[in-house]
Structure formats: structure tokens, C-alpha cells
Amino acid sequence: ARKIWLTRHGESEYNVLKLIGGDSNISGEGEKYATALPKVLEARLPQGEATPLQVWTSTLKRTIQTAQHLPFAKLRWKALDEIDAGVCDGMTYEDIAEKMPEEFAARKSDKLGYRYPSGESYMDVIQRLEPVIIEIERQKDSVCIVAHQAILRVIYGYFMAVSPEEIPRLSIPLHTLIELTPMPDGQMSVQMLPVD
Ligand code: F6P
């Protein structure tokens with residue numbers, strides 16, 4: 001059966017420094033994840049079938065590097081790039097709380113609707129991902145999407161019928177392969193596969 005795999009990029013240099021946004025490289029731990037991923041994924045492919053599989057990444061280095069050892073056809077989508085944090089790109093959450101307390105409070109009280117100055121909101125991201133989601137639904141092949149925290153909250157939330165308000169707080173951990181299997185009744189079965 002067809003599957004949809006979702007994974008965040010391996011740990012990035014910005015993740016280590018707790019900086020948001022940017023276009024940093026993956027860290028040593030991130031590279032370990034990238035190296036482990038082909039075997040983890042291959043173990044999930046239906047045995048004995050030549051399963052066509054496409055790997056979709058964003059245009060940011062950390063997803064391209066994470067997918068680099070996967071021996072499948074690849075596609076880069078700008079629409080899969082992480083939420084644009086605008087003027088807060090490259091800051092920590094502590095920096096924002098300290099230097100822009102009103103912005104910090106506004107985001108906390110309405111994480112779905114809050115738009116970063118010169119950047120995006122989750123609502124904006126939901127809209128920008130619409131063509132990607134339509135394309136996932138149209139695909140007959142299995143697809144493995146290597147993307148980012150906010151992006152995968154939206155895609156996972158869509159397939160799992162999570163209410164929009166809950167989407168920005170879904171947990172999408174690093175170094176975990178999320179496997180979605182469409183069931184005959186239209187439901188999705190989900191398996192979280194942590195990779196140590
Ligand atoms: O911290 C990693 C990251 O992908 C940032 O680039 C991004 O701004 C953030 O996660 C999104 O998560 P949240 O919406 O919880 O801030």
C-alpha cells in the first residue's frame with residue numbers, strides 16, 4: 001500500500017544554538033540521522049514490491065543534506081521551506097521575549113493567526129502548503145517529505161484532521177520518521193518511528 005512518510009531535517013547548527021529560521025547546515029548528530037535514514041526507510045518498504053518512492057525536500061540546505069543519502073528520485077519545493085520568521089529570523093525565543101515582548105506575547109496568545117513582522121503566520125503557511133497537499137493526495141507513489149517543524153505540523157494536521165487551532169502546538173520531534181498509511185475507510189493510520 002502507498003505510504004506517506006514525514007520527517008524533519010536532521011539536527012541543524014541553528015537547532016544546536018536554539019536560533020529560529022536561517023539556512024544552516026546539519027550538525028554531526030544531524031548527519032548521523034541522514035546516514036541512518038536510508039535503512040530505516042527501506043525497512044518500511046513493502047517487501048518484494050518494486051515500490052516507486054519520491055523524496056520531497058524544501059529548498060533549504062538542512063533538508064537537502066538530510067535527504068542526500070536516500071537513493072530515490074528527489075524534488076525540491078519552495079513551498080516546503082520553513083515558516084518565515086521575518087525580522088525574528090536568526091533570533092532565539094529568549095531574544096524575542098526580551099527585545100520584542102509585545103510580539104512575543106501576541107504570538108503566544110494567537111499562535112495560529114500571529115504573523116511575524118515581514119514574515120508569515122501559520123495561517124499563511126496553511127495557505128502556501130495547499131498545492132503541496134493537493135499533489136500528495138494526487139500521487140500514486142509513496143512519498144517521503146523531508147521538511148521543517150511548522151511545515152510538518154500543518155501537513156500532519158491536515159491528514160490527521162487536527163483542528164487549525166491545535167496545529168501550531170503539535171509535537172513533531174527531530175530524528176523521528178512519521179509513517180502515515182491511508183486506510184480503506186479513509187482514515188490514516190500513523191506510526192512514529194524514532195531513530196537513535
Ligand atoms: O526552531 C526550529 C524551527 O523550525 C524554526 O526555524 C521555526 O521558526 C520554528 O521551528 C517553528 O516552530 P514554532 O512555530 O513553535 O516557533
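These legends go with a set of close-up views of a predicted model.

**View 1. The whole chain, end to end.** Start here to get your bearings: the chain holds eight helices and six strands. Reading from the N terminus, the order is β-α-α-β-α-β-α-α-α-α-β-α-β-β. The C-alpha atoms fit in a box of roughly 55 × 40 × 25 Å along the principal axes. A compact globule of 196 residues would have a radius of gyration near 16 Å, and the 17 Å of this chain agrees with that. Buried residues account for 33% of the 196. Take the contacts between residues at least 6 apart in sequence, and 60% of them turn out to join residues at least 24 apart.

**View 2. How confident the predictor is.** Mean pLDDT for the chain comes out at 96, with 99% of the residues at 70 or more. For the complex, the predictor reports an ipTM of 0.99 and a pTM of 0.97.

**View 3. The six-stranded sheet.** The sheet is open, its pairing is mixed, and its strands go in the order 3-2-4-1-5-6. Strand 3 (73–76) and strand 6 (188–194) sit at the edges with a single partner strand each, so one side of each has no neighbour in the sheet. From one strand to the next, the twist averages 20°.

**View 4. Strand 1 beside strand 4, with a helix packed on the sheet.** Strand 1 (residues 4–8) and strand 4 (residues 142–147) are a parallel pair, held in register by five bridges. Look for Arg-8, which is opposite Ala-147 of strand 4. Helix 8 (residues 149–159) packs on the sheet and touches strand 1, strand 4, strand 5 (176–182) and strand 6. The direction of helix 8 makes about 155° with that of strand 1.

**View 5. Strand 1 on its other partner.** Here strand 1 runs antiparallel to strand 5, and three bridges join the two. One pair to pick out is Ile-4 with its bridge partner Leu-180 in strand 5. A handy reminder while you rotate this one: side chains in a regular strand alternate between the two faces of the sheet.

**View 6. The hairpin of strands 5 and 6.** Strand 5 and strand 6 are antiparallel, joined by seven bridges. Among the partners, Thr-181 bridges to Ser-189 in strand 6. What links the two strands? Five residues lie between them in this hairpin. Zoom in on Gly-186 in the hairpin, where phi is positive, near 90°.

Conventions: Residues are numbered from 1 along each chain as its sequence is written. This is a predicted model: local features need pLDDT of at least 70, side-chain atom pairs count only at pLDDT 80 or more; totals for chains, interfaces and linings use all residues. pLDDT is the predictor's confidence in each residue, from 0 to 100. Two strands pair if DSSP finds at least two bridges between them. Helices (H or I, at least four residues) and strands (E, at least two) are DSSP runs, numbered from the N terminus. Axes are lines fitted to C-alpha atoms, for helices over the stretch in contact, and angles run from 0 to 180 degrees between N-to-C directions. Two residues are in contact if their C-beta atoms, placed from the backbone, lie within 7 Å. The radius of gyration is taken over C-alpha atoms; the globule rule is 2.2 Å times the number of residues to the power 0.38. A residue is buried if 20 or more other C-beta atoms lie within 10 Å of its own, exposed if 12 or fewer, and partly exposed in between; C-beta atoms are placed from the backbone.
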